[in-house]
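New to this one? Here is a quick briefing to read alongside the sequence and the model.

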Amino acid sequence: GAVGIFAAGLGFRVHLTEYKPPSAAVMPFVPYQSDGSLDLDFMGHKDFSSDSDCLLQLLAKNVESNRHIFPSSLSQAPLIHELNWTKVEHIERVLGNVCPNLEGFDYVLASDVTYFTNLHGDLANTISKLLKNSPMGANTNMIQWPTCFVAHQRRVLGRDYQLESFEKAIAKVGMTISSISLDRSLEEQSDNVTILEIRHKQQQSHATLSG
């Protein structure tokens, strides 16, 4: 949430999202018995079959720790929402709470989300639902299209199958994806990071808006 918190500090209205991972997945050490079952005595008979809100709590703590950088109006502090890409009701809840008309967001920022190929379809669908599908500034000469920026880090040698899989998922939901060229000095420090720009395909009827 660092980028979102920084944007809120600049005065933008920001909404941060995070999911609840399985409790067992966030334990530093999970003990098992010889038969392969969890050692409940060691863990104090805690229920690790549920999901953990530790990431949401960490996000809330980061927002609170940086409250001094936000504009004086408390309404400018980022709001936090639970969002699991695989759950349609989460997407609808975020849109319903934030965008009563369900139009979506002008900008969506994401990083470290493209490495799990099994979830690319759900991620692409989530981006498609959250991103507004109409131009900003349609009544002015400054037409801009709502955009999702994703920071993708190359994690594999050879062909980047993770990026290819994500690109295919984005195309499947009817969106366009392209990479943004970085300044050479930034590329040298990027550690194999590519910034991806994702938008809804502009309909022919909207083409005249850009002049």
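In this predicted model, I170 touches A124, I127, M175, T176, I177 and I198, leaving aside residues up to four places away in sequence. I170 also turns up among the residues with the most contacts inside the largest nonpolar core, so let's start there.

**The cores**
- The largest nonpolar core has 22 residues, and I127, L130, C148, V150, F166, I170 and I198 are the ones with the most contacts inside it.
- Three helices give two or more residues each to this core: α3 (88-98), α4 (120-130) and α5 (161-172).
- Strands β4 (147-153) and β6 (193-200) also give two or more.
- There's a second core too, separate from that one, with nine residues, including I5, A7, L16 and F70.

**The overall layout**
- The protein has six helices and six strands.
- Follow the sequence along and you get the pattern α-β-α-β-α-β-α-β-α-β-α-β.
- Take the contacts between residues at least 6 apart in sequence: 67% of them join residues at least 24 apart.

**The surface**
- Of the 211 residues, 29% count as buried.
- The accessible surface comes to about 13400 Å², and carbon and sulfur atoms account for 51% of that.
- V3, Y107 and L109 make up a nonpolar patch on the surface, together offering about 300 Å² of accessible area.
- V3 sits in helix α1 (residues 2-9).
- Why does V3 count as exposed? Because its relative accessibility is 54%, and exposed means over 50%.

How values were computed:
Residues are numbered from 1 along each chain as its sequence is written. This is a predicted model: local features need pLDDT of at least 70, side-chain atom pairs count only at pLDDT 80 or more; totals for chains, interfaces and linings use all residues. Side-chain values use heavy atoms; hydrogens and water are left out. Patches are made of residues with over 30% relative accessible area and no salt bridge: like charges are joined within 9 Å, nonpolar side chains (Val, Leu, Ile, Met, Phe, Trp, Tyr) within 5 Å. Accessible areas come from the Shrake-Rupley method with a 1.4 Å probe; for residues, only the protein chains shown count as cover. A salt bridge is a side-chain nitrogen of Lys or Arg within 4 Å of a carboxyl oxygen of Asp or Glu. Helices (H or I, at least four residues) and strands (E, at least two) are DSSP runs, numbered from the N terminus. Buried means under 20% relative accessible area, exposed over 50%, partly exposed in between (1.4 Å probe, protein chains only). A nonpolar core is a set of buried Ala, Val, Leu, Ile, Met, Phe, Trp, Tyr and Cys residues joined through side-chain atoms within 4.5 Å. Contact means heavy atoms within 4.5 Å.
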